[in-house]
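This report describes the strand pairing, helix packing and nonpolar cores of one protein chain. The sequence and structure are shown first.

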Amino acid sequence: MKILLVRVSSLGDVLHNMPVVDDLLRHFPDAQIDWVVEEAYVNLVRLHPGVRHIIPFALRRWRKSLRSAATRAEIAGFYRQLRHDAYDLILDTQGLLKTGLIMGMARKTPNGKKVGLANGTEGSGYEGVSRLFHDLSVPVDKHTHAVLRGRLVAAAAAGYVVNTPASFGLRVPAGDTSWKPATPYVVFFHGTAGAAKKWARDNWIAIAAYLYQYDLPILLPWGSPAEKAEAVAMAAAMPNATVLPALSMQEATILAQSAALAIGVDTGLTHIAAAYETPTIEIYCASPKWKTEGNWSPKIINLGDNGVPPGVAEVEQAIQQLL
């Protein structure tokens with residue numbers, strides 16, 4: 001069986017689609033699974049050994065130079081690669097016009113099916129026009145978890161039932177680890193693009209003081225100049241903290257996977273730690289917990305909710321449970 005997954009972005013959404021691969025291979029061990037994904041997330045998809053071919057999609061970059069001959073040649077190359085194989089199942093688990101168009105361009109076998117979402121979940125960016133490209137549209141509850149949503153589409157398409165916890169199947173990436181301490185460490189994923197999702201600096205400082213008793217160094221990564229400035233300010237008030245150098249996505253994944261404990265807000269790297277089943281505390285401040293909470297392992301504790309950030313005492317209690 002040849003299967004094409006269409007899930008192009010963003011980091012968290014691509015990560016949360018990984019259990020679809022594990023599910024399909026559990027039921028069809030010989031399946032050949034390809035994946036269309038934005039070029040920025042190709043290395044993330046490569047971490048799953050069950051993906052045969054990755055077809056990079058570069059719409060974000062192509063939009064800036066559509067009149068360029070080089071860009072047009074790249075788009076033509078993408079189209080040829082997409083249509084190289086005919087697929088028994090083509091699954092769009094994102095439900096956008098652009099993913100629908102990709103599904104429309106892909107080739108299916110004579111008995112093949114194109115399957116996608118019949119509706120979005122609450123607050124999602126679902127675009128109903130994507131249904132035009134489906135042979136089968138799968139309805140989901142408005143409060144369906146981001147991981148379960150894709151799993152349900154694949155299950156309906158392939159004729160099985162989702163009845164196991166999510167399994168992400170990610171291999172440990174290779175990369176430079178010169179920044180990594182020789183001893184176990186805690187990582188604080190404090191940075192996020194949405195200011196409302198942040199947890200107050202004083203809370204992080206209080207947790208660092210609490211962790212001092214465990215004699216574990218705290219590592220502070222960052223992804224922008226503003227986040228670096230915040231990390232420096234935090235470290236100045238934390239005797240056991242170190243601001244990391246700039247890390248590649250691969251190195252940041254190693255950081256999340258290797259930690260003795262990851263504590264983070266609702267952001268991609270926190271979800272990567274949870275996917276590896278690193279002991280993880282997910283802190284929700286301004287987003288619904290039901291959407292992305294790590295619910296597949298007892299090593300993951302989810303605190304707070306939309307508009308109700310957790311207090312320091314709750315995080316301290318979770319640390320006691322995990323350490």
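Leu117 has Val138 of strand 6 as its bridge partner. Strand 5 and strand 6 run parallel and are joined by 3 bridges; two strands count as paired if DSSP finds at least two bridges between them. Helices (H or I, at least four residues) and strands (E, at least two) are DSSP runs, numbered from the N terminus. The model is a predicted one, in which local features need pLDDT of at least 70 and side-chain atom pairs count only at pLDDT 80 or more, while totals for chains, interfaces and linings use all residues. Residues are numbered from 1 along each chain as its sequence is written, and side-chain values use heavy atoms, with hydrogens and water left out.

The loop between strand 5 (107–117) and strand 6 (136–138) contains Asn119. Asn119 has 16% relative accessibility and therefore counts as buried (under 20% relative accessible area; exposed is over 50%, partly exposed in between, with a 1.4 Å probe and protein chains only). Its side chain reaches the backbone oxygen of Val140 at 2.9 Å. Not counting residues up to four places away in sequence, Asn119 touches Tyr126, Val138, Pro139 and Val140, where contact means heavy atoms within 4.5 Å.

Strands 5 and 6 belong to an open sheet of 6 strands, paired in parallel in the order 3-2-1-4-5-6. Strand 3 (51–57) and strand 6 are the edge strands, each pairing on one side only. From one strand to the next, the twist averages 20°.

A further open sheet, also of 6 strands, has parallel pairing and the order 9-8-7-10-11-12. Strand 9 (241–243) and strand 12 (300–304) each have a single partner strand, so one side of each is left without a neighbour in the sheet. Neighbouring strands here are turned by 20° against each other on average, direction ignored. Within this sheet, strand 7 (residues 186–189) and strand 10 (residues 261–265) pair in the parallel sense over 4 bridges, and Val186 stands opposite Leu261.

Helices lie across both sheets, as tabulated below. Axes are lines fitted to C-alpha atoms, for helices over the stretch in contact, and angles run from 0 to 180 degrees between N-to-C directions.

| Helix | Strands crossed | Approximate angle |
|---|---|---|
| Helix 2 (residues 18–27) | strands 1, 2, 3 and 4 | about 170° to strand 2 |
| Helix 7 (residues 146–158) | strands 4, 5 and 6 | about 145° to strand 5 |
| Helix 11 (residues 268–275) | strands 7, 10, 11 and 12 | about 145° to strand 11 |

In helix 8 (residues 201–211), the buried residues are Asn203, Trp204, Ile207, Ala208, Tyr210 and Leu211. They cover an arc of only 160° around the axis, which puts them on the same side of helix 8; the arc is that of the directions from the helix axis to the C-beta atoms. Asp202 and Ala209 are exposed on the other side. The cover over the buried residues includes strand 7, helix 9 (225–236) and helix 13 (312–322).

A nonpolar core is a set of buried Ala, Val, Leu, Ile, Met, Phe, Trp, Tyr and Cys residues joined through side-chain atoms within 4.5 Å. The largest has 55 residues, and those with the most contacts inside it are Leu5, Leu24, Trp35, Leu91 and Phe168. Helix 7 supplies the largest share of this core, 6 residues. Another core lies apart from it, with 29 residues, among them Phe188, Ala208, Ala235 and Ile319.

Conventions:
A polar contact is a pair of N or O atoms within 3.5 Å; within protein, one must be able to donate a hydrogen and the other to accept it, and residues adjacent in sequence count only if both atoms are side-chain atoms.
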